[in-house]
Amino acid sequence: MFIYDKKLEYPVKICNSNPKLASIIISQYGGPDGELSASLRYLSQRYSMPYPELKGLLTDIGTEELGHLEMVATIVHQLTRNLTDEQVENSAFAPYFVDHTAGIYPTAASGFPWSAASIGVKGDVICDLTEDLAADAASM
């Protein structure tokens, strides 16, 4: 169903470590309004969509969000791949590092791990599309 192109949608080339920035950007990966939630929201809502054109659109958007998820993970990885002990100790990234080192884990910047409770899938066209609009507005 999906075809994976083994390159990022947009190249990410970060040379300098920045744990403070990584501790904020991780929310775009696994926060309540992050890319993981967005992709699963759209890919789940498509099943109850009664209009084939919109079902296809939800599938396309959900797939696009998976590409965003990959880019955000790459950004966090590149910001943290060469951290020194001093950088970890003197940053907001330290609590994350204790549990995950430099692994990419779906969590909010607050440290709260990703949960399916952060997405809405009601099976009602109006409710689901309203959820999508609200979620997209919150992530801007």
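User: How many positive and negative side chains does the chain have, and how far apart are the centres of the two sets?
Analyst: The chain carries 9 positive and 18 negative side chains. The centres of the two sets lie 5 Å apart. Keep in mind that this is a predicted model.

User: How many salt bridges come out of that?
Analyst: The count is one salt bridge.

User: Which residues form the salt bridge?
Analyst: Glutamate 131 and arginine 41. Their closest N and O atoms are 3.1 Å apart. That is within the 4 Å cut-off for a salt bridge.

User: Which parts does the pair tie together?
Analyst: Glutamate 131 sits in helix H6, residues 125-138. Arginine 41 sits in helix H2, residues 35-45. The pair therefore ties together parts that are 90 residues apart in sequence.

User: And arginine 41, buried or exposed?
Analyst: Arginine 41 counts as buried, at 3% relative accessibility. Its partner, glutamate 131, is partly exposed, with a relative accessible area of 24%. Buried means under 20%.

User: What about the rest of H2, how many of its residues are buried?
Analyst: Nine of the 11 residues of H2 are buried, so the helix is largely enclosed by the rest of the structure. Among the buried ones are Glu35, Leu36, Tyr42, Leu43 and Gln45. Ser37, Ala38 and Ser39 are also included, as is Arg41.

User: What do the buried residues of H2 pack against?
Analyst: Three helices: H1 (19-30), H3 (52-80) and H6. H6 is also where the salt-bridge partner glutamate 131 lies.

User: Zooming out. How many helices and strands are there?
Analyst: Six helices and zero strands. From the N terminus on, the elements run α-α-α-α-α-α.

User: What box do the C-alpha atoms fill?
Analyst: Roughly 55 × 30 × 25 Å, taken along the principal axes.

User: What share of the chain is buried?
Analyst: Of the 140 residues, 35% count as buried. The accessible surface of the chain is about 8500 Å². Carbon and sulfur atoms account for 60% of that surface.

User: And contacts: what share join residues at least 24 apart?
Analyst: The figure is 72%, among contacts between residues at least 6 apart in sequence.

User: Got an example of a pair far apart along the chain?
Analyst: Take serine 48 and glycine 123. They are 75 residues apart along the chain, yet their C-alpha atoms are separated by 5.3 Å.

User: Where does serine 48 lie?
Analyst: In the loop between H2 and H3. Serine 48 is partly exposed, with a relative accessible area of 32%.

User: What else does serine 48 touch?
Analyst: Not counting residues up to four places away in sequence, serine 48 touches Gly123 and Asp128.

User: Switching to threonine 107. Where does that one lie?
Analyst: In the loop between helix H5 (94-100) and H6.

User: Is threonine 107 buried or exposed?
Analyst: Threonine 107 is buried, with a relative accessible area of 3%.

User: Which backbone oxygens does its side chain reach?
Analyst: The side chain of threonine 107 reaches the backbone oxygen of glycine 111 at 3.3 Å. A polar atom of that side chain also lies 3.0 Å from the backbone oxygen of phenylalanine 112.

User: And which residues is threonine 107 in contact with?
Analyst: Leaving aside neighbours within four places in sequence, the contacts of threonine 107 include Ile26, Ser27, Gly30 and Gly31. Tyr96 is in contact too, as are Phe112, Pro113 and Trp114.

How values were computed: Residues are numbered from 1 along each chain as its sequence is written. This is a predicted model: local features need pLDDT of at least 70, side-chain atom pairs count only at pLDDT 80 or more; totals for chains, interfaces and linings use all residues. Side-chain values use heavy atoms; hydrogens and water are left out. A salt bridge is a side-chain nitrogen of Lys or Arg within 4 Å of a carboxyl oxygen of Asp or Glu. Helices (H or I, at least four residues) and strands (E, at least two) are DSSP runs, numbered from the N terminus. Buried means under 20% relative accessible area, exposed over 50%, partly exposed in between (1.4 Å probe, protein chains only). Contact means heavy atoms within 4.5 Å. Accessible areas come from the Shrake-Rupley method with a 1.4 Å probe; for residues, only the protein chains shown count as cover. Lys and Arg count as positive and Asp and Glu as negative; His and the chain ends are not counted. The place of a charge is taken as NZ of Lys, CZ of Arg, CG of Asp or CD of Glu. A polar contact is a pair of N or O atoms within 3.5 Å; within protein, one must be able to donate a hydrogen and the other to accept it, and residues adjacent in sequence count only if both atoms are side-chain atoms.
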